[in-house]
Amino acid sequence: MKKLCIYDFDDTLVTTDDRIDIVRLNGTRESLSSKQFGKYILQPGETCDFTSFRSDLINPKPRMKYVNMLKRTIKLKDTENIILTARSVLEPIQKYMLTLGIDVPIITLACTCSTDKTNWIINKISETSDLKYILYIDDADKNIDEVEKIVKLYPNIKFVIHHVL
């Protein structure tokens with residue numbers, strides 16, 4: 001493998017009506033979309049409830065620009081394609097992507113920390129001796145910022161980082 005193409009799932013390849021609940025110390029809840037949650041800063045004492053992210057996708061809609069991009073990069077020689085998601089459950093994502101004709105490895109990180117995706121990339125680089133090119137596609141500002149921080153650590157790898165808006 002010489003090329004690695006990494007696609008985020010939520011709000012990059014697919015939009016859904018799944019919600020994350022912010023639970024406050026007093027028991028009140030605020031329901032956020034994944035895009036809203038990507039910009040949200042947890043306050044002391046708040047926790048997250050990801051219940052809706054652990055079952056079937058709610059009203060999934062493909063973002064065809066990025067789905068088609070993934071379909072194109074799947075056809076490239078010497079290229080590994082990965083869907084890298086903060087979700088914890090693989091099956092609903094895998095099932096939905098198969099309906100779009102896409103069967104690539106899906107890595108579920110079960111995380112809320114933006115550095116987890118970057119750490120996964122760093123580990124992948126350390127395991128792959130012939131990696132020359134990384135395409136990273138994500139909608140979350142925090143994730144993009146974290147990946148941009150590691151680019152200069154790997155001068156022999158060309159990074160192309162695409163911020164989905």
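Contact here means heavy atoms within 4.5 Å. Among contacts between residues at least 6 apart in sequence, 69% join residues at least 24 apart in the protein. The structure is a predicted model, in which local features need pLDDT of at least 70 and side-chain atom pairs count only at pLDDT 80 or more, while totals for chains, interfaces and linings use all residues. Residues are numbered from 1 along each chain as its sequence is written, and side-chain values use heavy atoms, with hydrogens and water left out.

On to the overall build. The protein has five helices and ten strands, taken as DSSP runs (H or I, at least four residues, for helices; E, at least two, for strands) and numbered from the N terminus. The C-alpha trace spans about 50 × 35 × 25 Å along its principal axes. The radius of gyration is 16 Å, which agrees with the value near 15 Å for a compact globule of 165 residues; this radius is taken over C-alpha atoms, and the globule rule is 2.2 Å times the number of residues to the power 0.38.

As for the surface, about 8700 Å² is accessible, and carbon and sulfur atoms hold 53% of that. These areas come from the Shrake-Rupley method with a 1.4 Å probe, and for residues only the protein chains shown count as cover. Buried residues make up 45% of the 165, where buried means under 20% relative accessible area, exposed over 50%, and partly exposed in between (1.4 Å probe, protein chains only).

Next, the charges. There are 24 positive and 23 negative side chains, and the centres of the two sets lie 6 Å apart. Lys and Arg count as positive and Asp and Glu as negative, with His and the chain ends not counted; each charge is placed at NZ of Lys, CZ of Arg, CG of Asp or CD of Glu. Side chains of opposite charge can pair when their charged atoms come close. A search of the whole structure turns up twelve salt bridges, meaning a side-chain nitrogen of Lys or Arg within 4 Å of a carboxyl oxygen of Asp or Glu.

One of these bridges pairs arginine 87 with aspartate 18 at 2.8 Å, N to O. The two sit 69 residues apart and link distant parts of the chain: arginine 87 is in the loop between strand 7 (79–85) and helix 3 (91–99), and aspartate 18 in the loop between strand 2 (14–15) and strand 3 (19–23). Arginine 87 is buried at 4% relative accessible area, and aspartate 18 is buried at 1%. Aspartate 18 is also touched by aspartate 56, whose other contacts include Pro92 and Lys95, not counting residues up to four places away in sequence. Aspartate 56 belongs to the loop between strand 5 (47–49) and strand 6 (61–62).

Glutamate 30 and arginine 24 form another bridge, at 2.5 Å, N to O. Glutamate 30 is partly exposed at 30% relative accessibility, and arginine 24 is partly exposed at 27%.

In helix 5 (residues 141–150), glutamate 146 and lysine 149 are about one helical turn from each other, because they are three residues apart. Their side chains meet in a salt bridge of 3.0 Å, N to O. Glutamate 146 is buried at 16%, whereas lysine 149 is exposed at 52%. Elsewhere, Asp8, Lys117 and Asp138 are joined into one network by salt bridges that share partners. Not counting residues up to four places away in sequence, glutamate 146 touches Ser114, Thr115 and Thr118.
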